[in-house]
Amino acid sequence: MIIFVSLILCFLSACSDEKEEAVVTAISLDQSALTLKVGEEYQFKVSHTPQDAKTPGYSWGVTDTTLSVKIASIDQTGFFKAEKAGITTVRVTTTDVLTEDLYPLVSTCKVTIEPAEVEGIQLNKSEITLKAGETETLTYTLTPTQVTNPEVEWSSSNSGIVDVTDGVITAKDIGEAEITVTIKNTTIRSSCKVIVEPTPLEGIEIKEDNIEVFVGEQIDIPVLFIPENATKQKINWISSHTHIVSISEEGIPVAVGIGPSLLTAVTEDGRFHASCRVLVKQIPVERIEFEQAVYTLEVGEIVKPEVIFYPENAGNKNYTLTSSHPTVVGIDHRYYVQALARGHDATITARSEDGSKIASCVVRVRAK
């Protein structure tokens with residue numbers, strides 16, 4: 001019995017000595033500096049000294065040094081994911097082993113994350129059919145997906161048929177074109193075929209029922225096409241009274257006479273029409289004046305004062321003349337003015353028939 005007890009005490013003493021010797025004094029990551037690209041992953045490994053000591057518990061983390069933006073993540077097994085470009089530090093600490101100063105053991109690795117290089121680009125559609133006037137937005141995906149906003153260029157093989165701006169395509173005319181998106185300064189690209197079909201015209205409309213214009217004016221009557229993006233939007237004008245409204249060689253209605261006329265817009269294929277009544281009026285007189293302010297005549301002398309109308313193309317240039325002293329200066333039915341006798345100066349007044357505009361001049365009579 002004494003021998004057995006002695007053996008047990010020796011065994012327990014030996015075990016106690018082994019535990020005291022197997023104390024972890026340092027830990028180390030398998031990498032002290034590492035470079036990855038966005039989207040890449042890495043499994044860190046940690047070793048401890050002495051190697052025969054029991055593996056301690058670990059806590060993993062990352063410390064970003066680029067702005068304050070989270071650019072990477074790591075789980076509690078040391079599995080690291082590079083998420084954005086920048087520089088970060090992987091840090092592993094012991095959770096159950098402390099230094100003499102009661103701090104955990106630490107090991108770090110500086111990780112530089114570089115932007116991922118684009119390998120491919122793919123549009124969301126390879127072929128689109130639109131009608132003239134319609135729009136659609138194309139989008140693209142990149143390979144690898146971690147590539148961050150590369151600069152791209154959009155182009156159309158025929159901008160007269162299909163135009164493109166930042167992926168928004170606009171069908172302009174009937175035909176086909178190819179839209180291409182290209183990674184700038186590379187040959188990496190993707191294309192989409194766009195077929196533009198005609199948009200049939202369903203009708204036309206004129207909002208105005210009656211309009212008034214002056215002689216000499218071009219007549220601009222807005223015609224509404226239904227639908228608005230109809231492919232063929234050409235019309236011809238027909239006038240019911242061409243001596244009032246004529247159609248120029250360019251197909252533009254022009255007011256040439258006084259009175260009413262019916263203008264009708266007819267589509268090129270003759271299927272649809274719309275009309276508007278037009279009343280053409282003469283241009284009103286704005287003002288009148290005599291060519292001279294003062295006329296000096298001898299007794300018996302005759303003159304016809306000229307009355308000037310503004311605007312020059314005023315429609316009604318009829319007027320009347322009156323004398324303030326008809327016994328001194330008389331006016332005949334043809335509006336000739338004659339000096340009859342010496343006396344007071346006479347004022348000749350002209351009054352327009354259109355708008356009663358007034359002008360005057362002075363006639364002075366002197367002896368022969």
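This tour proceeds through a sheet, its salt bridges and one residue of a later strand in a predicted model.

Begin by selecting strands 11, 18, 17 and 14. These four strands form an open sheet in the order 11-18-17-14, with mixed pairing. Strand 11 (127-131) and strand 14 (152-156) stand at the edges; each has a single partner strand, so one side of each is left without a neighbour in the sheet. On average, neighbouring strands of this sheet are turned by 20 degrees against each other, direction ignored.

Next, select residues 175-183 and 189-197. These are strand 17 and strand 18, which run antiparallel and are joined by eight bridges. Within this pairing, V181 stands opposite S190 in strand 18.

Now display the charged side chains. The structure holds 12 salt bridges, one of which joins K131 and E197 (3.7 Å, N to O). This pair links distant parts of the chain, with K131 in strand 11 and E197 in strand 18, 66 residues apart. K131 is partly exposed at 30% relative accessibility, and E197 is partly exposed at 36%.

Then select K125 and E136, whose side chains meet in a salt bridge (2.4 Å, N to O). K125 lies in the loop between strand 10 (120-123) and strand 11, and E136 in strand 12 (residues 135-137), so the pair ties together parts that are 11 residues apart in sequence.

Finally, select L279, in strand 26 (residues 273-281). Beyond residues up to four places away in sequence, L279 touches I211, E212, V213, G259 and P260. The C-alpha atoms of L279 and Y103 are separated by 101 Å.

Technical notes: Residues are numbered from 1 along each chain as its sequence is written. This is a predicted model: local features need pLDDT of at least 70, side-chain atom pairs count only at pLDDT 80 or more; totals for chains, interfaces and linings use all residues. Side-chain values use heavy atoms; hydrogens and water are left out. Helices (H or I, at least four residues) and strands (E, at least two) are DSSP runs, numbered from the N terminus. Contact means heavy atoms within 4.5 Å. Two strands pair if DSSP finds at least two bridges between them. Axes are lines fitted to C-alpha atoms, for helices over the stretch in contact, and angles run from 0 to 180 degrees between N-to-C directions. A salt bridge is a side-chain nitrogen of Lys or Arg within 4 Å of a carboxyl oxygen of Asp or Glu. Buried means under 20% relative accessible area, exposed over 50%, partly exposed in between (1.4 Å probe, protein chains only).
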